[in-house]
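What follows is a short report, written to be read beside the sequence and the coordinates. It moves from aromatic pairs to individual residues and then to a pocket.

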Amino acid sequence: MCDLRRPAAGGMMDLAYVCEWEKWSKSTHCPSVPLACAWSCRNLIAFTMDLRSDDQDLTRMIHILDTEHPWDLHSIPSEHREAITCLEWDQSGSRLLSADADGQIKCWSMADHLANSWESSVGSLVEGDPIVALSWLHNGVKLALHVEKSGASSFGEKFSRVKFSPSLTLFGGKPMEGWIAVTVSGLVTVSLLKPSGQVLTSTESLCRLRGRVALADIAFTGGGNIVVATADGSSASPVQFYKVCVSVVSEKCRIDTEILPSLFMRCTTDLNRKDKFPAITHLKFLARDMSEQVLLCASSQTSSIVECWSLRKEGLPVNNIFQQISPVVGDKQPTILKWRILSATNDLDRVSAVALPKLPISLTNTDLKVASDTQFYPGLGLALAFHDGSVHIVHRLSLQTMAVFYSSAAPRPVDEPAIKRPPHRGPRRPL
């Protein structure tokens, strides 16, 4: 069933329409674990599903759904041998990457610019190594939304272009296309698409001491570098960060990696919560081009806690002895990069999914004040989905709840404020 809602006055959600599809029987429907899903800038949703035939053959399908016409669903036999673990749209929303648990990556593109016709002509492979994170390389285009100009009549006044370097450039400064992936064994693989159609692929270890990677995410810096965050799944282990530099040397792809400062989740150092949340279940950068802020979620079987961290430069104190020997040393205080916690939630019900905003937003004090005064928060909120079916919209920096949505099957607390409840204008009917 597709239940799409549109924003209404007062920050509430107004039901646009409901669309139901025919249900498959359990004998033919075998979902992947977990299901992969991605939403493009063209409002196309890609998601996975496994179908089992009468002779027990398993077909791993990729479905493309146009949210403007949700009754039309296009299905693609992906030909992946193992479960699809990642789906990723490019910046234009016309190409899709799919990766599986066998290390195979496929690039799907529209045929004749039609959303119901897809073909895969290129790809890459890290044989036998499951892919846990996948991303297109950055093309150098970054826009910022200015909250104080949200009411401007001109669309161009609401956005401004931010200086940002692409991950890799061709001759003349044109960005080079390609993708980067992280495997479960701690490998990073990069594939570059040359204008001639040739694919250059290289694979390197993130660090010398390779370990298991259960969770990973990829972000980009304004200088053209790539930052990879990894975790082994245990909250008692550190969350590791690596800088990845990609270059082309003698017609070959080259990857250089560097270890960045790591962090331990705050809940592991709190005596009251030390063993309460044993597993890290979600690891995401707050934005694709914001590698300085990361969101972490640790969970138990029944509850979760979410923490927001920021990478900052801090001064390194210099011993008085060195300042007396050379006063210049005391004047130029050295700095180091260090992760600092910004905010954390109280104990929550178990979080099943985390969705971050795609809309870029400037985070000046003026923007934050306008957003607070007007309750205008596109780009400032992120969504937490819970096992009981509810979805909470929380501020991405303070992690304070801004809105709550309950599905028809999710129970509502008796004392829940009315402002957090979605309006009901009539019975829901399938179109």
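## Aromatic pairs and their surroundings

Trp179 has a relative accessible area of 0%, and therefore counts as buried. This description refers to a predicted model, as do all the values that follow. Trp179 forms an aromatic pair with Trp136, and the geometry of this pair is edge-to-face, with 6.0 Å from centre to centre and 85° between the planes. The two partners come from distant parts of the chain, since Trp136 belongs to strand 11 (residues 131–136) and Trp179 to strand 14 (residues 177–183), 43 residues apart. Trp136 is likewise classed as buried, because its relative accessibility is 3%.

A further aromatic pair is made by Phe241 and Trp339, which are stacked, with a centre-to-centre distance of 4.4 Å and an angle of 25° between the planes. This pair, too, links distant parts of the chain: Phe241 sits in strand 19 (residues 239–249) and Trp339 in strand 24 (residues 335–344), with their positions 98 residues apart in the numbering. Phe241 and Trp339 are both buried. Ring pairs also bring in Phe285, so that Phe241, Phe285 and Trp339 are linked into a cluster. In the structure as a whole there are 4 aromatic pairs.

Which residues does Ser291 contact, once its neighbours within four places in sequence are left aside? They are Ala219, Phe220, Thr221, Val227, Phe285 and Trp339, and two of these names, Phe285 and Trp339, also appear in the ring cluster. Ser291 itself is placed in strand 22 (residues 290–299), and with a relative accessible area of 6% it is buried.

## The chain as a whole

The protein chain contains 5 helices and 29 strands. Of its 431 residues, 42% count as buried. Among the contacts in the chain with a separation of 6 or more, 51% are accounted for by residues 24 or more positions apart.

## Strand 20 and the loop before it

Glu251 is located in the loop between strand 19 and strand 20. Although Glu251 is not a glycine, it has a positive phi of about 60°, and its relative accessible area of 51% makes it exposed. Lys252, which is placed in strand 20, is also exposed, with a relative accessible area of 60%. In space, the C-alpha atom of Lys252 is 7.9 Å from that of Thr201, while the two residues are 51 residues apart in sequence.

Asp256 lies in the strand that spans residues 252–263, strand 20. Is Asp256 buried, partly exposed or exposed? Its relative accessibility is 32%, and because buried means under 20% and exposed means over 50%, Asp256 counts as partly exposed. The side chains of Asp256 and Arg254 are joined by a polar contact of 3.3 Å. Apart from neighbours within four places in sequence, Asp256 is in contact with Lys243, Val244 and Cys245. The C-alpha atoms of Asp256 and Ser205 are separated by 9.3 Å, and these two residues are 51 residues apart along the chain.

A second residue other than glycine with a positive phi is Leu399, for which the value is near 60°. Leu399 is found in the loop between strand 28 (390–395) and strand 29 (401–406), and it counts as buried at 6% relative accessibility.

The table collects the accessibility of several residues discussed above.

| Residue | Relative accessibility | Class |
|---|---|---|
| Trp136 | 3% | buried |
| Trp179 | 0% | buried |
| Glu251 | 51% | exposed |
| Lys252 | 60% | exposed |
| Asp256 | 32% | partly exposed |
| Ser291 | 6% | buried |
| Leu399 | 6% | buried |

## The second largest pocket

Rolling a probe the size of a water molecule over the atoms shows where empty space is left. In the second largest pocket, that space amounts to about 280 Å³. How many residues line the second largest pocket, and which lie nearest its centre? The lining holds 18 residues, and those nearest the centre are Arg95, Lys174, Pro175, Met176 and Glu177. By character, the lining of this pocket divides into 7 nonpolar, 6 polar and 5 charged residues.

Note on methods
Residues numbered from 1 in each chain as written. Predicted model: local features only at pLDDT ≥ 70, side-chain atom pairs only at ≥ 80, totals over all residues. Heavy atoms only, no water. Helix = DSSP H or I, 4+ residues; strand = E, 2+ residues; numbered from the N terminus. Buried < 20%, exposed > 50% of the residue type's maximum accessible area, 1.4 Å probe, protein only. Contact = heavy atoms within 4.5 Å. Polar contact = N/O pair within 3.5 Å; in protein donor to acceptor, adjacent residues only side chain to side chain. 1 Å grid on protein atoms, 1.4 Å probe; cavity = no way out; pocket = protein on both sides within 12 Å on 5 of 7 lines; lining within 4 Å. Points joined across faces, edges and corners; volume = space filled by probe spheres on them. Nonpolar A, V, L, I, M, F, W, Y, C, P; charged D, E, K, R; others polar. Phe/Tyr/Trp six-rings, centres within 6.5 Å; stacked < 30°, edge-to-face > 60°.
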